[in-house]
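Hello,

Here is the structure I promised to pass on to you. Please have a look at it, and then read on for what I found.

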Amino acid sequence: MDNLFIYFGVKIFTNQDVHLLISNIEKDSNTQCFSHLQIPSKSLVHDVFLGWINLIFKTDGAFYHIRYCRSESEKHINEIFSSLKHLEIRDVSVGLNCTFLTTKDGRCHLFSNKNFLSEPLDLLPSICRIKNVVTEDLHSVVLTEDGKVFNFKCGEKTYLEKLVVPVPIKEITCGKEHVLLLSDFGTVFSYGSGSRGQLGHGSIENQETPVLIEALDGLKIQSISAGGWHSAAISDSGDLYMWGWNESGQLGLPCNELQNGKRPMEEIEIICCLPKIIELNDEVVKAVCCGSRHTVALTEYNHLWTWGWNGYFQLGRDDVPLSDKPGMVQLPSSFQPLQIKAKFWSTLVIGCSKHEKDTSCT
C-alpha cells in the first residue's frame, strides 16, 4: 500500500513539483497532497520529515531534500545522504541548522542543513545503541535503546552530556527552549526554559536537569509533544493535556488576541503553567503534535483537529488567522488518516485510500 501525504504550511510545493493524487484537494490552494514526487528515481515516497522551511523525503532507496525559495525558478529537489545508501536508516530529525540521521545499528550521523555534508558521531561507547535524536532550536537530545538520555553539545568540541533520570526513558521531544521526556512507566519529566510555563511545574522557572511533572503523576501518559513554547500529553484513557504559552491559542484555551474585550481577563489564558484537559467533543485522542505556535490532534474517529496560529495555513483552514478553539479539518472522503506530524510552521497528515485500508493499510 502506498502512503498518501497531505501537507499544510510553508509554501514549498507547486503543481510542477508534485503529482496531486486526490483531485478534490487540488481545488484548495492552501492544501498540498502528494504521493509521488518528480524525482529522478521515480520512486514512491515512504516518509516525510519536516524542517524549518524545508522537507526531507524518504523513498525506496534514497532521500531527497527540497527547500522553500522566494523564486519559483530556484525550487529544486536534491538527493542527499547518498554516501550512506549502504546503511539502514531508522530515523531523521530536522532542526533549524542541522539534521540528525540514526541508523538501525544504533549509530548517528550529523548533517549541516546548508550543504548536507556528513559527520559521523561516534560519541557513545560501542555498548550503547542510539534509538533516535530529537532536535529543534537550542536543544538536541539523544535517546539510547536502553532508555538513557544525553544532551548533544556542539561547539569547538562536540560531546554528550548525560542526564540523570531515575527511570528509563522511551520517548523524547524538543520545543524551542525546553525538552519533555516520557518514561517506560508513563511519567513525564521536563527541563530547559520555563519562561512561558512550558515545563508544567506551576511556575516560569527554568530547570537545568529533568524534573518530574507532578501534576501528571498518577496518570499513565502514552504520548508527548513539545512545540515552540507549549507542551502536550495524552493519557492512556485518551485525555489530552496541554500547558505553556497560549498567545495564539495553541493550547486551545481563550487567548488575549481573540478574546480581549469579549471575555473577562480572568478567563483569558496567556500562560498556563500546569497541565489542563482540552476537550475535543468528548472524542478519545490518539495522537497530538505541536508546531512552533500551533497544535494538531487525531482522534479515535480519525477526525483531524487543529488550533493556534495559522500564518502559513498550517491549520489546514483558510478562514482564520489564528484560532483558540480546536476546529475539525475536512479531509477528502477517500482519505484515511493514520499518522500526524507537526513541526515549526508545517503540518503533515499521513494516510492511505479508504477503499484499500481493510487489506493494505497498517
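Let me begin with a question: does K325 count as buried or exposed? Please keep in mind that this is a predicted model. K325 has a relative accessibility of 63%, and with the cut-off for exposed set at over 50%, K325 therefore counts as exposed. This lysine lies in strand β26, which covers residues 322–329. The C-alpha atoms of K325 and W307 are 6.1 Å apart in space, while the two residues are 18 apart in sequence.

W307 leads us to the core. The largest nonpolar core has 15 residues, and W307 is listed with A232, L240, M242, L280 and V285 as those with the most contacts inside it. Two or more residues of this core come from each of β20 (230–235), β21 (240–245), β22, β23 (285–290) and β25 (304–309). The largest share, three residues, is given by β23. As a general background, nonpolar side chains in soluble globular proteins tend to be buried together.

There is also something nonpolar on the surface. I204, M265, I270 and I271 make a nonpolar patch of about 350 Å² there. One of them, I270, is found in the loop between α2 (256–259) and β22 (271–278). I270 is partly exposed, because its relative accessibility is 39% and the range for that class runs between 20% and 50%.

Now to the aromatic residues. The count of aromatic pairs comes to ten. In one of these, W52 and F344 have ring centres 5.3 Å apart and planes at 80 degrees, so the pair is edge-to-face. The two residues are 292 apart and link distant parts of the chain: W52 is in the loop between β3 (45–50) and β4 (54–59), and F344 in the loop between β27 (335–343) and β28 (346–353). W52 is partly exposed, at a relative accessible area of 27%, whereas F344 is buried, at 0%.

A further edge-to-face pair is made by F81 and F116, with 6.1 Å from centre to centre and 70 degrees between the planes. This pair also links distant parts of the chain, 35 residues apart: F81 is in the loop between β6 (77–80) and β7 (89–94), and F116 in the loop between β9 (108–112) and β10 (118–121). Both phenylalanines are buried, F81 with a relative accessible area of 5% and F116 with 10%.

W52 and F344 come up again in an aromatic cluster, which they form with W309, Y312 and W345. W309 has a charged neighbour too: R293 lies over the face of its ring, at 4.4 Å from the ring centre. A similar arrangement is seen with R196, whose charged end sits over the ring of W229, 4.6 Å from the centre.

Two backbone angles may interest you. Most residues other than glycine have a negative phi. F344, however, has a positive phi of about 50 degrees and is not a glycine. N302 is not a glycine either, and its phi is positive at about 60 degrees; N302 is in the loop between β24 (294–299) and β25.

Last come the salt bridges, of which the structure holds eleven. K176 and D137 meet in one of them, with 2.6 Å from N to O. Distant parts of the chain are linked by this pair, 39 residues apart: K176 is in the loop between β15 (169–174) and β16 (178–183), and D137 in the loop between β11 (130–135) and β12 (140–144). K176 is buried, at 9% relative accessibility, whereas D137 is partly exposed, at 25%.

K276 and E269 form another salt bridge, at 2.3 Å from N to O. Here K276 is partly exposed, with a relative accessible area of 34%, and E269 is buried, at 17%. D319 and R317 are also joined by a salt bridge, at 3.6 Å from N to O. D319 is exposed, with a relative accessible area of 54%, whereas R317 is buried, at 15%. Finally, R90, R129 and E145 are joined into one network by salt bridges that share partners.

Happy browsing, and best wishes!

Terms used
Residues numbered from 1 in each chain as written. Heavy atoms only, no water. Patch = residues over 30% accessible without salt bridge, like charges linked within 9 Å, V, L, I, M, F, W, Y side chains within 5 Å. Areas by Shrake-Rupley, 256 points an atom, 1.4 Å probe, with all protein chains shown as cover. Salt bridge = Lys/Arg side-chain N within 4 Å of Asp/Glu carboxyl O. Helix = DSSP H or I, 4+ residues; strand = E, 2+ residues; numbered from the N terminus. Buried < 20%, exposed > 50% of the residue type's maximum accessible area, 1.4 Å probe, protein only. Phe/Tyr/Trp six-rings, centres within 6.5 Å; stacked < 30°, edge-to-face > 60°. Lys NZ or Arg CZ within 6 Å of the ring centre and 35° of its normal. Core = buried A, V, L, I, M, F, W, Y, C linked by side-chain atoms within 4.5 Å.
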